[in-house]
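Work through the exercises below with the sequence and the model open. Each task is followed by a solution in steps.

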Number of protein chains: 2
Amino acid sequence: MRQVAERAGVSVKTVSRVVNGEPSVAPATLRRVLSAAAALDFQPDPHAGNLRRSDRRTRTLGLLISSVDNPFAGAIHRAVEDAAIGRGFAVFASSLDDDPEREEEAVAAFTRRRVDGLILTTSAQEQSYLEPEVRRGTPVVFVDRRPTGIACDAVVSDNAEGAAAATRHLLAHGHRRLAYLGDRPAIQTAGERRRGFLEALGQAGVPVGDAVIVEDLHDETVARKALLRLLDGPEPPTAVFSAQNLITIGALRALRERGRHRDTALIGFDDVALADLMDPGVTVMAQHPDDIGRIAAERVFARLDGDDSPAQRITVDTTLIERGSGEIPAPSNT
Amino acid sequence: MRQVAERAGVSVKTVSRVVNGEPSVAPATLRRVLSAAAALDFQPDPHAGNLRRSDRRTRTLGLLISSVDNPFAGAIHRAVEDAAIGRGFAVFASSLDDDPEREEEAVAAFTRRRVDGLILTTSAQEQSYLEPEVRRGTPVVFVDRRPTGIACDAVVSDNAEGAAAATRHLLAHGHRRLAYLGDRPAIQTAGERRRGFLEALGQAGVPVGDAVIVEDLHDETVARKALLRLLDGPEPPTAVFSAQNLITIGALRALRERGRHRDTALIGFDDVALADLMDPGVTVMAQHPDDIGRIAAERVFARLDGDDSPAQRITVDTTLIERGSGEIPAPSNT
DNA sequence: ATGAAAGCGCTAACAA
DNA sequence: TTGTTAGCGCTTTCAT
């Protein structure tokens with residue numbers, strides 16, 4: 001900047017004015033400065049500016065998700081990015097793999113870099129470690145999971161109702177022997193989906209004893225084996241509700257292996273790629289990660305723009321997509 | 001930092017020493033500073049430090065890919081992130097949607113933020129716009145596509161050979177009426193895959209006239225329609241090579257719609273989610289985005305560590321995954 | 001082992 | 001319209 005000033009024969013302050021598009025610069029000066037800047041291909045250093053600037057914004061967002069290599073998180077990421085670009089913000093992303101330790105480290109890495117806002121899918125039991133950062137004024141918005149121990153905005157799917165609706169769908173097709181395949185119940189979303197499942201059974205007057213609940217299925221292989229065991233058992237379920245992405249895939253594999261994919265109903269929570277190309281197509285209760293990401297980004301920017309209303313919880317509905325597997329009727333003799 | 005110094009009764013320089021883990025600080029002083037820092041929950045500002053520091057590194061990488069919401073790019077992203085974390089680097093990601101204008105903007109947004117290195121999937125015809133940044137010493141590594149008009153490291157799949165091997169696989173199963181479904185030939189990878197396809201035909205002595213080449217298929221719908229047209233034509237192909245992800249999906253849909261998925265062979269370039277759950281399973285020539293990302297990150301760090309050898313081009317092999325669709329034999333009467 | 005002074009590249013506040 | 005001075009939070013250099 002000093003060099004530009006010298007070359008243009010003005011003071012640094014004038015260059016600063018030009019760079020920041022401040023008014024009250026004579027057209028002739030403006031031109032001289034501009035051409036000097038171009039000649040030296042000058043790029044202003046935003047970090048240096050921020051040091052002195054009053055708002056002290058880095059125009060940077062931190063996004064913490066399960067993994068950047070994961071369709072659900074990718075869709076959120078994309079939506080956040082699209083919102084950020086319009087405001088001149090860049091996005092840091094970090095994969096947590098549902099590891100609470102990694103979460104604190106990653107948050108620290110971002111706050112040290114002075115991100116202006118944080119969007120995160122937490123997997124810690126509680127997030128009071130964010131207190132200092134929140135007090136400092138950084139907007140924090142939770143996605144997919146609600147915070148515990150701290151008051152922040154959250155954007156989540158309607159897990160309980162979505163699960164209940166999926167369950168009702170199976171019941172409506174005549175099923176009574178349902179299996180619920182779920183992730184670790186400690187994971188907030190998993191707990192809510194289970195609750196939705198049970199409530200739907202209760203409301204339909206189906207004894208809970210008629211359903212099998214298998215949990216702690218944190219990956220595809222485990223889910224597959226669990227369902228294989230059920231299918232090989234004395235009273236295999238006539239319908240399966242797989243409460244998560246990877247579990248759905250494991251369930252698909254198990255059904256195929258036993259050749260039961262045409263007579264056992266299946267609904268998965270969260271959509272799965274190419275689900276419509278399977279035979280039968282896989283019925284799912286789809287989430288809307290793009291909406292979740294977009295809304296979360298909007299919340300962050302609203303907070304940055306001065307919104308200091310109480311923490312909000314925003315729920316995004318889920319959508320049933322019928323593709324065949326969920327519409328398989330219960331066998332008539334049941 | 002000044003506050004910490006006051007509270008600990010030392011000078012700022014001493015606090016600086018403690019924060020940076022420099023030696024020659026008396027244990028007692030160290031303890032006083034540490035507790036003062038903890039009490040004020042002090043976070044050093046890396047940007048301020050960089051201003052004066054000799055190396056001037058932001059410990060930040062810029063990653064430019066087609067879209068963060070895309071499995072291939074996601075895998076690259078994850079590999080880059082994993083490599084970056086170990087070195088204390090954070091990663092900015094930006095989606096380009098194969099838009100050359102967006103590319104220049106995004107690069108500018110990152111260089112303005114003083115990223116220490118750049119990893120990008122370019123879609124511009126040539127990348128000389130990166131010249132100034134490269135001259136400034138920023139390592140730039142291309143992934144998936146080679147650079148034009150500038151000498152930089154590149155990590156790419158062996159597109160031509162992969163496509164040739166896929167084609168040979170189809171020929172080995174007796175097919176002679178092959179269809180090539182490709183993306184816009186202007187896209188570098190698309191051009192190479194086409195070349196590989198044609199070379200394999202040539203080497204097998206199959207007249208190119210026996211093959212149908214359809215290009216400019218930039219999305220699923222267009223690909224589907226193109227194949228439907230071929231299937232409905234007078235001499236439908238007995239084998240299809242779909243040279244890209246989305247095209248493979250479009251082709252799958254078309255084959256299913258016409259009920260030809262069990263007698264028409266199909267190999268796709270690039271793996272597809274749940275390909276093994278289809279019926280038949282989808283044979284693909286898989287790329288290794290995780291290796292590509294990892295190697296690219298290693299190149300960046302090697303450059304940052306002072307490697308000033310000439311620009312390298314690193315080729316990552318592709319892997320044939322046989323799942324059924326590619327092994328369908330040609331009808332005997334052909 | 002510790003500190004004082006200067007300065008990184010920029011902007012705020014005020015002056016001319 | 002333009003320039004001057006001070007200072008953001010830190011690290012460098014050189015003293016002590």
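**Exercise 1.** Find how many residues surround DNA strand C and which are the closest.

*Solution.* Count a residue as near if one of its heavy atoms lies within 4 Å of the strand. By that rule, 25 residues surround DNA strand C, and the closest are M1(A), S16(A), T14(B), S24(B) and T29(B). Next, look at the DNA side: sugar and phosphate make up 62% of the atoms of DNA strand C that come within 4 Å of the protein. Then sort the residues by type, taking Ala, Val, Leu, Ile, Met, Phe, Trp, Tyr, Cys and Pro as nonpolar, Asp, Glu, Lys and Arg as charged, and the others, Gly among them, as polar. The result is 9 nonpolar, 8 polar and 8 charged.

This is a predicted model: local features need pLDDT of at least 70, side-chain atom pairs count only at pLDDT 80 or more, and totals for chains, interfaces and linings use all residues. Residues are numbered from 1 along each chain as its sequence is written, chains are lettered from A and ligands numbered from 1 in the order in which they are written, and side-chain values use heavy atoms, with hydrogens and water left out.

**Exercise 2.** Which parts of DNA strand C do S16(A), A48(A) and R52(B) approach?

*Solution.* Use polar contacts (pairs of N or O atoms within 3.5 Å).
- The side chain of S16(A) has an N or O atom 2.4 Å from a phosphate oxygen.
- A48(A) places a backbone N or O atom 3.0 Å from a base nitrogen.
- R52(B) has a side-chain N or O atom 2.9 Å from a base nitrogen.

Now assign elements, with helices as DSSP runs of H or I, at least four residues, and strands as runs of E, at least two, numbered from the N terminus. Helix 2 (12–19) and helix 4 (46–52) of chain A, and helix 2 (12–19) and helix 4 (46–52) of chain B, give two or more residues to this surface. Helix 4 of chain A gives the most, with 4 residues.

**Exercise 3.** What rotation superposes chain B on chain A?

*Solution.* Superpose by least squares on the C-alpha atoms of residues with pLDDT of at least 70 in both copies. The rotation is 180° with 0.0 Å of shift along its axis, at an RMSD of 0.1 Å. This is the relation of a two-fold axis. Within chain B, F92(B) has the C-alpha nearest the axis, 2.3 Å from it.

Terms used
A polar contact is a pair of N or O atoms within 3.5 Å; within protein, one must be able to donate a hydrogen and the other to accept it, and residues adjacent in sequence count only if both atoms are side-chain atoms.
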